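Grab a pencil and work through these short exercises. Try each task yourself before you read the solution.

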Amino acid sequence: MNQPLVSVIVLTYNHQRFIESCLEGVVKQDYENFEVIVCDDFSEDETWEAIKSIEDEKGRIRSFRNEENLGPSKNFVFALEQCE
């Protein structure tokens with residue numbers, strides 16, 4: 001049976017301390033057919049660097065960094081538009 005693609009959206013802003021464990025938890029799920037869309041809302045800490053260091057080798061994590069802080073609503077809309 002074909003598994004439908006599931007898109008997981010992760011919005012982040014200044015979550016350097018938490019983003020690595022968050023993304024590791026998503027990638028370790030049993031369900032195989034998923035993508036992770038991570039949108040960093042122009043964090044002022046090292047969140048973006050942490051995201052780039054954890055992108056998985058299967059390419060399921062796709063990350064984006066806004067050029068300015070959009071706020072949670074606009075960041076979510078942008079992330080939703082990136083989903084397959």
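Helices (H or I, at least four residues) and strands (E, at least two) are DSSP runs, numbered from the N terminus. The model is predicted, so local features need pLDDT of at least 70 and side-chain atom pairs count only at pLDDT 80 or more, while totals for chains, interfaces and linings use all residues. Residues are numbered from 1 along each chain as its sequence is written, and side-chain values use heavy atoms, with hydrogens and water left out.

**Exercise 1. Work out the fold order.**

Step 1: count the pieces. The protein chain has three helices and three strands.
Step 2: walk along from the N terminus. You'll meet the elements as β-α-β-α-β-α.

**Exercise 2. Check the overall dimensions.**

Step 1: take the rule for a globule, 2.2 Å times the number of residues to the power 0.38, with the radius of gyration taken over C-alpha atoms.
Step 2: compare. For 84 residues, a compact globule would come out near 12 Å, and the protein chain has 13 Å, which agrees.
Step 3: look at the box. Along the principal axes, the C-alpha atoms fill roughly 45 × 25 × 15 Å.

**Exercise 3. Describe the surroundings of Asp40.**

Step 1: place the residue. Asp40 sits in strand 2 (residues 34-40).
Step 2: decide on burial. Buried means under 20% relative accessible area, exposed over 50%, and partly exposed in between (1.4 Å probe, protein chains only). Asp40 has 0%, so it's buried.
Step 3: look for a polar partner, meaning a pair of N or O atoms within 3.5 Å; within protein, one must be able to donate a hydrogen and the other to accept it, and residues adjacent in sequence count only if both atoms are side-chain atoms. The side chain of Asp40 has such a contact with the side chain of Ser43, at 2.4 Å.
Step 4: list the contacts (heavy atoms within 4.5 Å). Not counting residues up to four places away in sequence, Asp40 touches residues including Thr12, Trp48 and Phe64.

**Exercise 4. Do the same for Pro72.**

Step 1: find the element. Pro72 belongs to helix 3 (residues 72-82).
Step 2: buried or exposed? Pro72 has a relative accessible area of 65%, so it's exposed.
Step 3: name the contacts. Leaving aside neighbours within four places in sequence, Pro72 is in contact with Leu11 and Asp41.
Step 4: try a distance. Pro72 and Glu55 are 17 residues apart in sequence, and their C-alpha atoms are 22 Å apart in space.
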